[in-house]
Amino acid sequence: MPTSCPSPLSAIRVPPTKRPALFEAFAQAHGVDLAAAYGVWPPPHLLVAPQQVWSFEYQGRTSVGWGALTAEPSEQAAWISVGIWPDWARCGVRHAIRNQLVAFAQRDGVSQVRIGVLLTNGPHLQRCLAESAAGGAWRHAGMMWWPAPGSAIFTQVLA
């Protein structure tokens, strides 16, 4: 397992027809029920257009994760979703993928990006809260209690 994020990562757009296979392989690699982390697996809204989904690769051959942007139709905002392959966890890949997704959102004219972390995803929630408290780019914006189990919302305002 790498100890730091490799740079740069290549982003390969995943068409809707190939997304079920990507998400199935991701679930098999993790070997656990991903509903605790994502609410429902696979995320049904990411299986169809117009959501934008990418596979992120290192040196054009090693898949390290996936990322998605979902537009917020009522405002100039987008939700970011990220998944990291187990062999690449805890080495900074999440930040690298989020940074690329933020750049894609800015290119599309989005003024704010958001992530929601389910309360059932305790370790990730604690990491995000600590990063926010330490002055990271993502700010804790509050809680959403419905649908259960609820989520912590983090935002980043784009320049």
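1. Let us start with Ser-132, whose side chain reaches the backbone oxygen of Trp-138 at 3.3 Å in this predicted model. Ser-132 lies in helix H4. Leaving aside neighbours within four places in sequence, the residues in contact with Ser-132 are Trp-138, Arg-139, His-140 and Phe-154. Trp-138 therefore appears both as a contact of Ser-132 and as the owner of the backbone oxygen that its side chain reaches. Is Ser-132 buried or exposed? Its relative accessible area is 12%, and because buried means under 20%, this serine counts as buried.

2. Next, have a look at the nonpolar core. The largest one has 40 residues, and Ile-80 and Leu-101 are those with the most contacts inside it. Many elements take part: helices H1 (19-30), H3 (93-107) and H4 (122-133) each supply at least two residues, and so do strands E2 (52-58), E3 (62-72), E4 (77-84), E5 (112-118) and E7 (151-157). Which element gives the largest share of this core? That is H3, with seven residues. As background, nonpolar side chains in soluble globular proteins tend to be buried together.

3. Leu-101 is a good residue to click on while you explore the core. Apart from its neighbours within four places in sequence, Leu-101 is in contact with Trp-54, Phe-56, Gly-67, Ala-68, Leu-69, Ile-80, Ser-81 and Val-82. Ile-80 is thus a contact of Leu-101 as well as its companion among the residues with the most contacts inside the core. Leu-69, also on that contact list, stands opposite Ile-80 in E4.

4. That brings us to strand E4 and its partners. E3 and E4 pair in the antiparallel sense over eight bridges, and a hairpin of four residues joins the two. On the E5 side, E4 and E5 run parallel and are joined by three bridges; here Ala-78 has Val-113 in E5 as its bridge partner. How does the chain cross from E4 to E5? The path goes through H3, and this β-α-β crossover is right-handed. H3 is also the helix that gives the core its largest share.

5. Why is E4 described as largely enclosed by the rest of the structure? Because seven of its eight residues are buried.

6. Finally, please turn to the aromatic rings. A search of the whole structure finds eleven aromatic pairs. One of them joins Phe-26 and Tyr-38 edge-to-face, with 6.4 Å centre to centre and 80 degrees between the planes. Phe-26 lies in helix H1 and Tyr-38 in helix H2 (residues 35-38), so this pair ties together parts that are twelve residues apart in sequence. How accessible are these two rings' residues? Phe-26 is buried, at 1% relative accessibility, whereas Tyr-38 is partly exposed at 25%.

7. Phe-26 has another aromatic partner, Trp-41: this pair is tilted, at 5.6 Å centre to centre and 35 degrees between the planes. The pair links distant parts of the chain, with Phe-26 in helix H1 and Trp-41 in the loop between H2 and E2, 15 residues apart. Both Phe-26 and Trp-41 are buried.

8. Which residues form one aromatic cluster with Phe-26? They are Phe-23, Tyr-38, Trp-41, Trp-66 and Trp-85.

Terms used. Residues numbered from 1 in each chain as written. Predicted model: local features only at pLDDT ≥ 70, side-chain atom pairs only at ≥ 80, totals over all residues. Heavy atoms only, no water. Core = buried A, V, L, I, M, F, W, Y, C linked by side-chain atoms within 4.5 Å. Buried < 20%, exposed > 50% of the residue type's maximum accessible area, 1.4 Å probe, protein only. Contact = heavy atoms within 4.5 Å. Polar contact = N/O pair within 3.5 Å; in protein donor to acceptor, adjacent residues only side chain to side chain. Pairing = 2+ DSSP bridges. Right-handed = clockwise from strand over helix to strand, strands pointing away. Phe/Tyr/Trp six-rings, centres within 6.5 Å; stacked < 30°, edge-to-face > 60°.
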